[in-house]
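Here is a friendly walk through one protein model, going from the overall fold to its domains, its core and the surroundings of its ligand. Keep the structure open beside you as you read.

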Amino acid sequence: MTTNAQSKLAARYGAHDIAPLDAWNETLDQLLDHRSVRSFTDQPLPEGTLETLVAAAQSASTSSNLQVWSVVAVQDAGRKKRLSELAGNQAYIHQAPLFLVWLADLSRVSRIAEQQGVELEALPYLESLLLGTIDAALAAQNAVVALESLGLGSVYIGGIRNDIEGVARELGLPAQVYPVFGLCVGYPSTERPAKVKPRLPQQAVLHHETYTTAGEEQVLSEYDARLGAFYQREGMKASGWSEQVVSRLRNVSSLHGREALLGELARMGFGLR
Ligand SMILES: Cc1cc2nc3c(=O)[nH]c(=O)nc-3n(C[C@H](O)[C@H](O)[C@H](O)COP(=O)(O)O)c2cc1C
């Protein structure tokens, strides 16, 4: 057990909830240190960074080794600007030197089947869409871990699902490919460094043997207070988590166009049986 480990866990939960494992290590330090970065310097990424991140991404597990994901690396200023507009004008998309768009990609397996003159009966099901989405997410998160180990920072951009057809046009995506999320990548600006944001106490997310909601109200109200205190320390509006989740989900308008995803995916060639 180290003081370092203790402080990492305390920052992750906004409280001294958990005793660190004796066998603590640098990988755990790095994972617990994650924070989304929304302000970048203009320092370019060293040559080979992109390829290294993609190698880390491709090292993630992939369902049945189908590898039904792809990624588009965007560095062109005009294209980043247009993507930023499509994703609700999030300025850090064009500020970051690299914007990665992670794709669920069923088109490659379809092309292989076409060459073989085979119809993929199992493809037009929701399961395939989930498969591509899960594969893309696992790959992207491996890239995030890798880039953080290199001193880089990133933030996921779900905002690109506001208009997946617009993003598909911008990136020239074929049918059966959809953008799951984007990822801004760059060196974190030191002006206002991002902080580790406390997560729910483990009692809320960890169940032993069977699921239980016993004690949940108490645990959530503790978290509301911890997150509120975090926001206050950061000089932000100190709302609790319960308030945030309800306001984020109470109106369809908060989906910013994503309420149309089902129809868009169907038009983009996904069978959703
Ligand atoms: C799939 C996904 C999509 C996200 N989309 C956005 C986004 O569009 N804009 C943004 O600023 N942050 C986005 N985030 C970042 C989350 O807001 C952030 O991870 C969360 O608040 C926790 O903060 P942390 O990453 O600093 O711990 C996204 C995160 C994920 C996992």
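Let's begin with the fold as a whole. The protein has 12 helices and four strands. Its radius of gyration is 20 Å, close to the 19 Å that the globule rule gives for 273 residues, so the protein is as compact as a globular protein of that length. Please keep in mind that this is a predicted model. Along the principal axes, the C-alpha atoms fill a box of roughly 60 × 45 × 40 Å.

How much of the protein counts as buried? Of the 273 residues, 25% do. As for contacts along the chain, take those with a separation of 6 or more: residues 24 or more positions apart account for 74% of them.

**Domains**

The domain assignment gives domain 1 (1-33), domain 2 (49-193) and domain 3 (196-273). Between domain 2 and domain 3, the C-alpha centres lie 23 Å apart. Where these two meet, 15 residues of domain 2 are in contact with 13 residues of domain 3. On the domain 2 side, the elements that give two or more residues are α7 and α8 (164-171). The largest share of that side comes from α8, with three residues. By type, the residues on the domain 2 side divide into nine nonpolar, three polar and three charged.

**The nonpolar core**

The largest nonpolar core has 45 residues. Those with the most contacts inside this core are Phe 99, Val 101, Trp 102, Leu 103, Ala 104 and Cys 184. Helix α7 (residues 126-149) gives the core its largest share, eight residues.

Leu 103 is a good place to look more closely. Leaving out residues up to four places away in sequence, Leu 103 touches Trp 69, Ser 70, Val 71 and Val 72, along with Ala 136. Its list of contacts also holds Leu 173, Val 177, Tyr 178, Pro 179 and Val 180.

Two residues of helix α7 are worth a visit as well. One of them is Gly 132, which lies in this helix. Is Gly 132 buried or exposed? Gly 132 counts as buried because it has 28 C-beta neighbours inside 10 Å. Beyond four places in sequence, Gly 132 touches Val 68, Trp 69, Ala 104, Asp 105 and Leu 106.

Leu 129 lies in helix α7 too. With 20 other C-beta atoms within 10 Å, Leu 129 is buried; the cut-off for a buried residue is 20 or more. Its contacts, again leaving out residues up to four places away in sequence, are Ala 104, Leu 265, Phe 270 and Leu 272. Ala 104 thus appears among the contacts of Gly 132 and among those of Leu 129.

**Around the ligand**

Which residues surround the ligand? They are His 34, Arg 35, Ser 36, Arg 38, Gln 90, Val 155, Tyr 156, Ile 157, Gly 158, Gly 159, Phe 181 and Lys 197. Strand β3 (residues 153-157) gives the most to this shell, with three residues. The shell divides into four nonpolar, five polar and three charged residues.

Gly 159, one of the residues around the ligand, can be paired with Glu 85, which lies in helix α4 (residues 77-86). Glu 85 counts as partly exposed because it has 15 C-beta neighbours inside 10 Å.

Here are some residue pairs, with their separation in sequence and their C-alpha to C-alpha distance.

| Pair | Apart in sequence | Apart in space |
|---|---|---|
| Glu 85 and Gly 159 | 74 residues | 9.7 Å |
| Gly 132 and Ser 70 | 62 residues | 9.3 Å |
| Leu 129 and Ile 112 | 17 residues | 18 Å |

**Two loop residues with positive phi**

Finally, let's turn to the backbone. Asn 65 has a phi near 55 degrees, a positive value in a residue other than glycine. Asn 65 lies in the loop between α3 (49-58) and β1 (69-74), and it counts as exposed because it has 6 C-beta neighbours inside 10 Å.

Glu 209 has a phi near 70 degrees, again a positive value in a residue other than glycine. Where does Glu 209 lie? Its place is the loop between α9 (202-205) and α10 (216-233). With 5 C-beta neighbours inside 10 Å, Glu 209 counts as exposed.

Methods. Residues are numbered from 1 along each chain as its sequence is written. This is a predicted model: local features need pLDDT of at least 70, side-chain atom pairs count only at pLDDT 80 or more; totals for chains, interfaces and linings use all residues. A nonpolar core is a set of buried Ala, Val, Leu, Ile, Met, Phe, Trp, Tyr and Cys residues joined through C-beta atoms within 7 Å. A residue is buried if 20 or more other C-beta atoms lie within 10 Å of its own, exposed if 12 or fewer, and partly exposed in between; C-beta atoms are placed from the backbone. Two residues are in contact if their C-beta atoms, placed from the backbone, lie within 7 Å. Domain bounds come from an automatic or database domain assignment. Ala, Val, Leu, Ile, Met, Phe, Trp, Tyr, Cys and Pro count as nonpolar, Asp, Glu, Lys and Arg as charged, and the others, Gly among them, as polar. The radius of gyration is taken over C-alpha atoms; the globule rule is 2.2 Å times the number of residues to the power 0.38. A residue is near a molecule or strand if its C-beta atom, placed from the backbone, lies within 6 Å of it.
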